Amino acid sequence: MSSVGASPHWESMWSKGLQPKSSFDNGEPSPALILSMSEIQETLPTLASTSPKKRALIPGAGRAYDAYYLASLGYSSFAVDLSPTACHEARKWLALQPSVPGTVTVLEGDFFTLDLGPPFDLIWDCTFLCAIDIPARGIWARRTSELLDSEGVLLSLVFPITDSKPETVGPPYPLTVSLVEGLLLNEGLRSVGIREYPKGTHMPRMPHFGNAVVTFKKSK
């Protein structure tokens, strides 16, 4: 498993039999995503309509819970993960779920190099940035900007927010809203909204970590 900024830590956890609702696996769509989508569709009506179907990208998707949730809203979701075991588990889980209006495509491969087709209307970065090595953050910001449609929206989950360990210790590496904003501003993405949720919203098993969702759009 070789990729820019990739840590063997993640595939090691998957291959040892990571169970739903253990460690970083929520066992369900992120509550922060559900809250954000219910709020954002009121302020950004272009995301509320999925006719024709809009494309959503979820890098580091794990079991694809969030991709499935977005498909339930009508999106054509693309769940990308570098871990072969994660992709296998995602396909197993998805096969057991009811049909939804949209679709989920699970792609095993490198977010930084995969040919993912046309730009995306929505990118949900959920604990992907915090999982990659610090020197790769600039490349992450550039790639994210390249993959986002000119009218698209990036939702970035800033997690974990914590003072309990240094920012250089990970993965996962602690993040701050200002750090993520600075990375993306360099690539032409501006913050248009910040939603700070109570600690533990994204991952209830870790109530000591803060979390915020920042909405980004491309600068005109």
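This is a guided tour of a predicted model, moving from its nonpolar cores to a buried glutamate and then to two loop residues.

Begin by selecting Met37, Leu70, Leu122, Trp124 and Leu155, which, of the 30 residues in the largest nonpolar core, touch the most other members. To see where this core comes from, colour α2 (31–43), β1 (55–59), α3 (65–72), α4 (84–95), β4 (120–126) and β5 (148–161), the elements that each give two or more residues to it. The largest share, five residues, is supplied by α3.

Next, centre the view on Leu155 and show what surrounds it: beyond its neighbours within four places in sequence, Leu155 is in contact with Leu33, Ser36, Met37, Ile40, Leu122, Ile123, Trp124, Asp125, Val213, Val214 and Thr215. Another core, of 28 residues, lies apart from the largest one, and Phe111, Val158, Leu184 and Phe216 are among its members.

Now go to helix α4 and select Glu89, which counts as buried because its relative accessibility is 18%, under the 20% cut-off. Add Arg63 to the selection, and a polar contact of 3.2 Å can be traced between the side chains of Glu89 and Arg63.

Finish with two backbone angles. Most residues other than glycine have a negative phi. In the loop between β1 and α3, select Ala64, whose phi is positive, near 70°, and which is buried, with a relative accessible area of 0%. In the loop between β4 and α5 (137–147), select Thr127; its phi is also positive, near 60°, but Thr127 is partly exposed, with a relative accessible area of 24%.

Note on methods
Residues numbered from 1 in each chain as written. Predicted model: local features only at pLDDT ≥ 70, side-chain atom pairs only at ≥ 80, totals over all residues. Heavy atoms only, no water. Core = buried A, V, L, I, M, F, W, Y, C linked by side-chain atoms within 4.5 Å. Buried < 20%, exposed > 50% of the residue type's maximum accessible area, 1.4 Å probe, protein only. Helix = DSSP H or I, 4+ residues; strand = E, 2+ residues; numbered from the N terminus. Contact = heavy atoms within 4.5 Å. Polar contact = N/O pair within 3.5 Å; in protein donor to acceptor, adjacent residues only side chain to side chain.
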